[in-house]
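The exercises below ask you to work through an annotated site and the spaces around it, step by step. Please have the sequence and the model open beside you.

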Amino acid sequence: MMNSRVNYLNAKRFTGDLALEHIIPHNVCFYLIPPVVDLTIEEFEKLALERLKMLRLLEQVTAKHPKVSSDAWREAVLAEVNHAGLRTFAKLSRGNAHDDGCKVARRKDYLSHFILRFAYCRSEELRRWFVAREMELFKLKFGGLTMRDVKDFLEVYELDYKPLSDEEKAEISEQLCASTANQTRLKVETNDFYAVHFTEVLNLVRDRKCFLKGGTAYISPEHFAHVIGKKHQQLIEDGLKGHLRLLPTLEIDERFSMLLKSIHTSYTGKNYAVAKTGNVPVESLDQLSKKSFALCMRNVHDTLRATHHLKHVGRMQYTLFLKAIGVTMEDALRFWREELTRGKVPIEKFEKEYAYAIRHNYGKEGSRINYSPFSCMKVITTPIGPGETHGCPFKNLDASSLKMKLTGYGLSAIDADDVAGYAAKGHYQIACSKYFEVSHETKLDEGINHPNQYFELSQLTMEGKEGKPRQSHASGNQSGRWNHSQYNSQGTQDSYQADSSTLHGGADDDQELWEIMESKEKEGDVTMREDTAPLSDTATAGKKQLTPKQATQEWEDDDFDLLEFNE
């Protein structure tokens, strides 16, 4: 099929970007040959995070529009791509072209794909997620091709498929109209149809959705994209296995090892590391938590108010969130002092130990790191233990407990079932977005990726500012939308800010803070253990006990149907 092209490229000794022009002569490409180019660590990371942002966008849109390749799905994806400023993928989705802009976009697309292969080859779970998202991206790009573009693609990769000639279509036009859904005689005459062996489209043969004659199936352009997609999927799956074998060699360099391991949980939205000027008094937190806190932060806040105690990770998660919404360090110290001393923490112990950790969170002690608040991915992936209430409730609560909590927070039984349904399938951020929509009685077309993003969107919605969430994709004016990751005129500036605790060695800084907090708490653990019983009856009721096997997200078959595309 494509062997002659591979052999030709291997025989030629191309270097750097010259090689890429020969490897990727089309906007839609098979990722056949790993590129040999020089990249800085910064370029490596930037390319990875840009593609990761695109793949996450596809996941969110597909959760709302499950019929991939439908007009509604494609329109929704392109609207979000344009809003997010993902120019590379927007250009590649408009058909094939050969201008300089397309060549730059092809280069970024090709390099970023192979970078993420190294990040997503290490486990079956990650491989399945990556393949599912890459196939959605392929469908987006292939769906933008004209009939001439498709012919060029087949010629480039030497695929033995040709559209039927006008004479061949005329002979079987009646059968094509009768066997293919939504096809009129005019569509049959104007669209390309392809002849393939029936074994390549067994699902169509089974469902009687194509004309079959003499072992040959005659299929529409939409179904032909499915045939090409299966070949593309097999190439990616085989490539991931090859990358897995190479991974130990690459991870000898600790810089790459840390970066690749943290990519999947990296945050790709607005940078909340810089706190707002203090404008949120702690006296307003109770009221704000009821309307403007994401469920994870409201759960932590309510637990703190009820028990006057949080474990160290919960305190860190909540303190960094409060810092980012605008609570000053002085107010935060006062807030935590009042709450914790109502429990079992003496004032002397608080001033000596807990206050230090709070000042550390604000970057005023120790290494004086400006810690980022936890993003959704970090909240979701941070492990929880007995008596702990941090983390994502959509992940950590079982279905009945989650529904009970949601109805207790004012959602109707129907809305609670809807939100819990997304959570049950592993779509935790989609569930959070749905929770926002129900709570605020508005449509939110962009996904929730950060608890502080949730807070700001809530405030903008309630205040009725021009920056409130967009109501419809139909509007051409995007200046009124809340923009949490946008290109500027020079490029991507700070669009792909990762948590300071996940990239560039920041994990060591994060670990420093965690170790400080853990050591300070060990002395009080024995005393506090008696207080965990009422906690388990209230805030942590129904929380799943995760075994090592359960700790890894199980993927639903209906989420990632890799072998059968939605038709």
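In what follows, Ala, Val, Leu, Ile, Met, Phe, Trp, Tyr, Cys and Pro count as nonpolar, Asp, Glu, Lys and Arg as charged, and the others, Gly among them, as polar. The model is predicted, so local features need pLDDT of at least 70 and side-chain atom pairs count only at pLDDT 80 or more, while totals for chains, interfaces and linings use all residues. Residues are numbered from 1 along each chain as its sequence is written, and side-chain values use heavy atoms, with hydrogens and water left out.

**Exercise 1. Determine which residues the UniProt annotation "binding site" covers, and why they gather at one spot.**

Step 1. According to the unreviewed UniProt entry, the annotation covers Cys 296, Cys 376, Cys 392 and Cys 432; such annotations may be inferred rather than shown by experiment.

Step 2. Although these residues span 137 residues in sequence, no two of their C-alpha atoms are more than 9.7 Å apart, so they gather at one spot.

**Exercise 2. Describe the surroundings of Cys 392 and Cys 432, stating whether each is buried or exposed.**

Step 1. Cys 392 lies in the loop between helix 20 (376–381) and helix 21 (393–396), whereas Cys 432 has its place in helix 24 (residues 428–440); helices here are DSSP runs of H or I with at least four residues, numbered from the N terminus.

Step 2. Cys 392 is buried, with a relative accessible area of 7%, and Cys 432 is buried with a value of 7%, where buried means under 20%, exposed over 50% and partly exposed in between, for a 1.4 Å probe and protein chains only.

Step 3. Leaving aside residues up to four places away in sequence, Cys 392 touches Val 379, Ile 380 and Tyr 428, and Cys 432 is in contact with Ala 294, Phe 394, Ile 448 and Tyr 454; contact means heavy atoms within 4.5 Å.

**Exercise 3. Work out what class of residue lines the largest cavity.**

Step 1. On a 1 Å grid over the protein atoms alone, a cavity is a set of points where a 1.4 Å probe fits but cannot get out, and lining residues have an atom within 4 Å of a point.

Step 2. The largest cavity is lined by 15 residues, and Cys 296, Cys 376, Cys 392, Phe 394 and Cys 432 lie nearest its centre.

Step 3. Its lining has 13 nonpolar, two polar and no charged residues.

How values were computed. Helices (H or I, at least four residues) and strands (E, at least two) are DSSP runs, numbered from the N terminus. On a 1 Å grid over the protein atoms alone, a cavity is a set of points where a 1.4 Å probe fits but cannot get out, and a pocket is an open set with protein on both sides within 12 Å along at least five of seven lines; lining residues have an atom within 4 Å of a point.
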